[in-house]
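Reader: I've got a structure to look over and some questions to go with it. Can we walk through it together, one point at a time?

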Amino acid sequence: MSIEVGSVVEGVVTGISNFGAFVELPEGKTGLIHISEVADVYVKDVHDFLSEKDKVKVKVVSIDDRGKIGLSIKQVQEKKPEEAARPAAGGSSFRAQGGPPRSPQGFHRQGGRFGGGARTSASFEDKLSKFLKDSDERLTDLRRKTDSKRGGRGSRRSD
């Protein structure tokens, strides 16, 4: 069986470093499981999940021009339905209690500073021109304030 991107193979962990684990694959080739591909959870230390001489089932995710083989354990593992329904670690349990879905900031944004949303039917060009006008006004105001503090144009003292 040749090693191709997308294939699932079994190998033996031959070494562990702080950035991943090296795995000996069939045909005597060696690949690397990057620390981010070891598990679906945060991995601080690869030793917590793997040790040398472990047999692992891995998916080949990349093979570069120099023959380096990138591997993944987490892409081989099937997600359980209950894990997919649970909120992520540190996430809100609001949805689990039957509440409405929430945006990442914890609220739904209706419209915004420059219009938008379902209430207005302004075209993209209208929104863009309003944004540019608003932006120019803000920059002009900012320049006026900073120039007066620095003693810029027109406010120079004559001794």
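Reader: Let's jump straight in: is Arg144 buried or exposed?

Author: One thing to keep in mind is that this is a predicted model. The cut-off for exposed is over 50% relative accessible area. Arg144 has a relative accessible area of 55%, so Arg144 is exposed.

Reader: Which residue does Arg144 form a salt bridge with?

Author: Side chains of opposite charge can pair when their charged atoms come close. For Arg144, the closest N and O atoms of the pair are 4.0 Å apart. The two residues sit three apart in helix H2, which means about one helical turn separates them. The partner of Arg144 is Asp141.

Reader: And which residues are joined with Asp141 into one network?

Author: Lys145 also forms a salt bridge with Asp141, with the closest N and O atoms 3.5 Å apart. Lys145 and Asp141 are four residues apart in helix H2, so about one helical turn lies between them. Because these salt bridges share partners, Asp141 ends up in one network with Arg144 and Lys145.

Reader: How do I class Asp141: buried, exposed or partly exposed?

Author: Buried would need under 20% relative accessible area, and exposed would need over 50%. Asp141 comes in at 32%, so Asp141 counts as partly exposed.

Reader: How many salt bridges does a search of the whole structure find?

Author: Two of them are the pairs Arg144 with Asp141 and Lys145 with Asp141. Another joins Asp134 and Arg138, with the closest N and O atoms 3.5 Å apart; both residues lie in helix H2, four residues apart. The whole-structure search comes to three.

Reader: In that Asp134 and Arg138 pair, which residue is buried?

Author: The cut-off for buried is under 20% relative accessible area. Arg138 has 47%, so Arg138 is partly exposed. With a relative accessible area of 18%, the buried residue is Asp134.

Reader: Staying on helix H2, which residues make the nonpolar surface patch?

Author: Helix H2 covers residues 124-150, and Phe124 is found in it. Phe124 has a relative accessible area of 60%, so Phe124 is exposed. The patch is about 400 Å², and its members are Phe124, Leu128, Phe131 and Leu132.

Reader: Zooming out, in what order do the elements of the protein chain run?

Author: The chain's secondary structure comes to two helices and five strands. Reading from the N terminus on, the order is β-β-β-β-β-α-α.

Reader: Which residues have the most contacts inside the largest nonpolar core?

Author: In soluble globular proteins, nonpolar side chains tend to be buried together. Here the largest nonpolar core has 20 residues. The elements giving two or more residues to this core are strands E1, E2, E4 and E5. The residues with the most contacts inside the core are Leu25, Ile33, Leu50, Val58 and Leu71.

Reader: Take Leu50, then: which residues is Leu50 in contact with, leaving aside neighbours within four places in sequence?

Author: Leu50 is one of the residues with the most contacts inside the largest nonpolar core. With those sequence neighbours left out, Leu50 is in contact with Ile16, Ala21, Ile33, Val38, Val56 and Ile73.

Reader: What share of the 159 residues in the protein chain is buried?

Author: A residue counts as buried under 20% relative accessible area. The accessible surface of the protein chain comes to about 12500 Å², with 50% of that belonging to carbon and sulfur atoms. The buried share of the chain's residues is 21%.

Reader: Which residues form the aromatic pair?

Author: A search of the whole structure finds one aromatic pair. The rings are edge-to-face, 6.1 Å centre to centre with 85° between the planes. At 38% and 32% relative accessible area, so partly exposed in both cases, the two residues are Phe19 and Phe22.

Reader: What is phi for Lys53, roughly?

Author: Most residues other than glycine have a negative phi. Lys53 is not a glycine, yet its phi is positive. Lys53 sits in the loop between E3 and strand E4, and with 71% relative accessibility Lys53 counts as exposed. Its phi is about 75°.

Reader: And where is Glu27?

Author: Glu27 also has a positive phi, near 70°, in a residue other than glycine. Its place is in the loop between strand E2 (20-24) and strand E3 (30-34).

Definitions and conventions
Residues numbered from 1 in each chain as written. Predicted model: local features only at pLDDT ≥ 70, side-chain atom pairs only at ≥ 80, totals over all residues. Heavy atoms only, no water. Patch = residues over 30% accessible without salt bridge, like charges linked within 9 Å, V, L, I, M, F, W, Y side chains within 5 Å. Areas by Shrake-Rupley, 256 points an atom, 1.4 Å probe, with all protein chains shown as cover. Salt bridge = Lys/Arg side-chain N within 4 Å of Asp/Glu carboxyl O. Buried < 20%, exposed > 50% of the residue type's maximum accessible area, 1.4 Å probe, protein only. Core = buried A, V, L, I, M, F, W, Y, C linked by side-chain atoms within 4.5 Å. Contact = heavy atoms within 4.5 Å. Phe/Tyr/Trp six-rings, centres within 6.5 Å; stacked < 30°, edge-to-face > 60°.
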